[in-house]
Amino acid sequence: SKSPKTVSNAHGLLVSAVKEYAPELHLNTRLPAKVKPDIQIPTHEELQVLLNKAKAKDKELYCAMILAAYMGLRRSEICALQASDVDGNRIAINKALVIDQNEKWIVKTPKSYSGKRVLEAPDPVLAAINELGVTEGRLIRCVPATISDKFHDLSPCCRFHDLRHYYASVMLALGIPDKYAMERMGHARYAKASVSTHHER
């Protein structure tokens, strides 16, 4: 079965087509309710096992995982990163690779001001980027959906997005004030409750 988001996207595309080519038709579709996914945040040890597996077989996936777990980047932000966004140990996050209304992948600027930020990258992140050997254009050439598929093959027990929750849980454990955590995650607000489960495992 397809997720509610997938069904909604397909419905939106169908409605646009019907409106263009058969405006006399009216669709009355009941979309499935959104389901809140379970968050399965990997422990530090589990993350290292996953990173080692990815590093041995897929440099792009490894770099994407490092960017999510060590810097809290979203899939869309990771896939939109350009080589020119990396300046020394600083990375500018100012765009995202998303699907438009025509089901095409396009690069867009973030919806909110908080989505634009410049972060200092730790050494493992810089090393992973250097391993890619990309000097111009996008660092990660695949699209967000492909990253999720590759990660699922590597770790069916948790989602790629859970690596972002891992990063949030580390900041929580370190006592980083919400204001700074929000800025690093590109959030307008910080959902502290969503990361507490990591410390209860």
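The following exercises, each with a worked solution, concern a predicted model.

**Exercise 1. The sheet**

Determine the strand order of the open sheet, and state which strands lie at its edges.

Solution.
Step 1. The open sheet has three strands, in the order E1-E2-E5, and their pairing is antiparallel.
Step 2. Strand E1 (86-87) and strand E5 (117-120) each pair on one side only, and they are the edge strands.
Step 3. Strand E2 (residues 90-93) pairs with E1 in the antiparallel sense over two bridges. Within this part of the sheet, Asp87 stands opposite Arg90 in E2.

**Exercise 2. A salt bridge between parts apart in sequence**

Explain why the pair Lys150 and Asp58 ties together parts that are apart in sequence, and classify the burial of each residue.

Solution.
Step 1. The whole structure contains eight salt bridges. In one of them, the side chains of Lys150 and Asp58 meet at 3.0 Å, N to O.
Step 2. Lys150 belongs to helix H6 (residues 144-154), whereas Asp58 sits in the loop between helix H2 (44-57) and helix H3 (59-71); the pair therefore ties together parts that are 92 residues apart in sequence.
Step 3. A residue is buried under 20% relative accessible area and exposed over 50%, with partly exposed in between. Asp58, at 17%, is therefore buried. Lys150, at 28%, is therefore partly exposed.

**Exercise 3. Two further salt bridges**

Describe the salt bridges of Asp85 with Lys95 and of Glu77 with Arg74, and give the burial of the residues concerned.

Solution.
Step 1. The side chains of Asp85 and Lys95 form a salt bridge of 2.7 Å, N to O.
Step 2. Distant parts of the chain are linked by this pair: Asp85 lies in the loop between helix H4 (75-80) and E1, and Lys95 lies in the loop between E2 and strand E3 (96-99), 10 residues apart.
Step 3. Both Asp85 and Lys95 are buried.
Step 4. A salt bridge of 2.7 Å, N to O, also joins the side chains of Glu77 and Arg74. Glu77 has 5% relative accessibility and so counts as buried, while Arg74, with a relative accessible area of 24%, is partly exposed.
Step 5. Through salt bridges that share partners, Arg74, Glu77 and Arg117 are joined into one network.

**Exercise 4. The nonpolar cores**

Identify the helix that supplies the largest share of the largest nonpolar core, and list the contacts of Phe160.

Solution.
Step 1. The largest nonpolar core has 41 residues, and Phe160 is among those with the most contacts inside it, as are Met65, Ile78 and Ile147.
Step 2. At least two residues of this core come from each of H2, H3, H4, E2, helix H5 (123-132), H6 and helix H7 (162-173). H3 supplies the largest share, 10 residues.
Step 3. Not counting residues up to four places away in sequence, Phe160 touches Ala64, Met65, Ala68, Arg75, Ile78, Ile147, Ser148 and Phe151.
Step 4. Another core, of five residues, lies apart from the largest one; among its residues are Tyr167, Met171, Ala181 and Met185.

**Exercise 5. The packing of two helices**

Classify the relative direction of H2 and H3.

Solution.
Step 1. The two helices, H2 and H3, pack at an angle of about 150 degrees, and their axes are 6 Å apart.
Step 2. Angles over 145 degrees count as roughly antiparallel. H2 and H3 are therefore roughly antiparallel to each other.
Step 3. The residues that make the contact include Leu47, Leu50, Leu51 and Ala54 of H2, together with Leu61, Tyr62, Met65 and Ile66 of H3.

Notes
Residues numbered from 1 in each chain as written. Predicted model: local features only at pLDDT ≥ 70, side-chain atom pairs only at ≥ 80, totals over all residues. Heavy atoms only, no water. Pairing = 2+ DSSP bridges. Helix = DSSP H or I, 4+ residues; strand = E, 2+ residues; numbered from the N terminus. Salt bridge = Lys/Arg side-chain N within 4 Å of Asp/Glu carboxyl O. Buried < 20%, exposed > 50% of the residue type's maximum accessible area, 1.4 Å probe, protein only. Core = buried A, V, L, I, M, F, W, Y, C linked by side-chain atoms within 4.5 Å. Contact = heavy atoms within 4.5 Å. Axes fitted to C-alpha atoms, helices over the stretch in contact; angles between N-to-C directions. Parallel < 35°, antiparallel > 145°, perpendicular 65-115°, else oblique.
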